[in-house]
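Here are a few notes from my read-through, for you to follow along with the model open. I start with a pocket, then go through the sheet and end on a cavity.

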Amino acid sequence: MQSPSSSCRPIPLIIFYLLVLISNFAEARRSLTGRIIPGPVTRNISVPALFVFGDSTVDAGNNNFIKTVTKSNFPPYGRDFPNHIPTGRFTNGRLVTDFLAAYVGIKEYVPAYLDPTFGLDHQLKTGVCFASAGTGFDPLTAQLSGVIPIGRQLRYFKEYKAKMEGRIGKERTTDMINKGLFIISAGTNDFILNYFGPPIRSQTYSISTYQDFLLQIGQHLLQGLLEMGARRIGFVGLPPLGCLPAVITANSLDAFTKRGCVERLSAVARDYNRLLQSKLKSTQSQGAQIVYIDIYKPIEDMVKNPQQFGLEKVNKGCCGSGIIEAAFLCNPYTVICSDESKYVFWDAVHPTEAAYYHIFQSLRPAIDQILN
């Protein structure tokens, strides 16, 4: 049997670079039936802060403040965010981590660490996002997109911790971090923009050795967080890679009519997720709760059974044609679908707020496991 790397039809070079460009330039909240999405039910749990690391699935706008063109701080992004503000989130509204912050009763949305309008005394004191759209565990992935690598996100957290110790004292900071909730969500870009993109990593790594390489870096991040006091950690797996509209486009012989998921790439994600779960079990630290968070199944369920969730469109985004637009290609001049609540994807890569809300609902048991 051929390995995934040999059986996957390589992404044509011109499409790959277009994908890199996409990554580089890469009050009402509607429910799945067009009504307002109710805020998550808050819980009386002692969670003083939420800390977020990763890529565009959780980036709250850090890329707005670095020298990169991987941004989404312009319309139509944010059209369903409170006050219709394009914050730099790669969706039409809120991310899973925003719903999560409301669920545990911390705040309505998670601020970006690099946003100078937020201060330590208020917004950042109850948690912050260090994530950067376009990044991955592999440092080369961040380099390709000109964004914040995972290692630097960890250094930002160390910097944040030192600032908080100076502001509220070491003991209170330690308690906040010990009781805080940490979310890690990255890895997709390592495959769709890196390994299956330019012939660099694929020339020196097989799929299995590259997966191990990524997991080692993830392990390093985990260890760094544990050493700085993290005790409640949720580690997010990969989505069905082959179902992302841009990936379908890059691998389809007829991108306009043949838009089924690319099973070989989704199989790579499943294999990685199994390895990640095994790695997390072996890395359990005394006094810490480290839990795998599955986003593969909820996204796959929405794609395979959209009617069950009030959805209709599963293989195209709401923005533009839906088959390639993301970041700068999804802009104020791009035609937008009439009802984004019927779409799984907002642009050709990222889910809609409605889809993120379903994902949030599916991961609540895992969050409860971490906190309880």
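How many nonpolar, polar and charged residues are in the lining of the second largest pocket?

1. The split is 10 nonpolar, four polar and two charged. Keep in mind that this is a predicted model. The second largest pocket has a volume of about 190 Å³, and 16 residues line it. If you want to find its centre, go to Phe81, Thr87, Arg89, Tyr109 and Phe118, the closest of the lining residues.

2. On to the sheet. Five strands make up an open sheet in the order 2-1-3-4-5, and the pairing is parallel. Strand 2 and strand 5 (289-293) are the edges, each pairing on one side only. From one strand to the next, the twist averages 15°.

3. Have a look at strand 1 (residues 50-54), where five of the five residues are buried. In a regular strand, side chains alternate between the two faces of the sheet. Here both faces are covered: Leu50, Val52 and Gly54 are buried on one side, and Phe51 and Phe53 are buried on the other.

4. Strand 1 has a parallel partner in strand 2 (residues 127-129), with three bridges between them; valine 52 has cysteine 129 as its bridge partner there. Strand 1 also pairs in the parallel sense with strand 3 (residues 181-185), this time over five bridges. In that pairing, leucine 50 is matched with leucine 181.

5. Moving along the sheet, strand 3 and strand 4 (residues 232-236) run parallel and are joined by four bridges. Phenylalanine 182 sits opposite isoleucine 233 of strand 4. Helix 13 (residues 353-371) packs on the sheet, where it touches strand 3, strand 4 and strand 5. The direction of helix 13 makes about 175° with that of strand 5.

6. Helix 13 comes up again at the largest cavity, where it gives the most to the lining, with four residues. Which other elements give two or more residues to that lining? They are helix 3 (96-103), strand 3 and helix 7 (188-195).

7. The largest cavity itself has a volume of about 300 Å³. It is lined by 26 residues, and those nearest its centre are Thr57, Ser185, Val236, Ile295 and Tyr356. By class, the lining of the largest cavity has 18 nonpolar, seven polar and one charged residue.

Terms used
Residues are numbered from 1 along each chain as its sequence is written. This is a predicted model: local features need pLDDT of at least 70, side-chain atom pairs count only at pLDDT 80 or more; totals for chains, interfaces and linings use all residues. Side-chain values use heavy atoms; hydrogens and water are left out. Buried means under 20% relative accessible area, exposed over 50%, partly exposed in between (1.4 Å probe, protein chains only). Two strands pair if DSSP finds at least two bridges between them. Axes are lines fitted to C-alpha atoms, for helices over the stretch in contact, and angles run from 0 to 180 degrees between N-to-C directions. Contact means heavy atoms within 4.5 Å. On a 1 Å grid over the protein atoms alone, a cavity is a set of points where a 1.4 Å probe fits but cannot get out, and a pocket is an open set with protein on both sides within 12 Å along at least five of seven lines; lining residues have an atom within 4 Å of a point. Grid points are joined across faces, edges and corners, and a volume is the space filled by probe spheres set on the points. Ala, Val, Leu, Ile, Met, Phe, Trp, Tyr, Cys and Pro count as nonpolar, Asp, Glu, Lys and Arg as charged, and the others, Gly among them, as polar.
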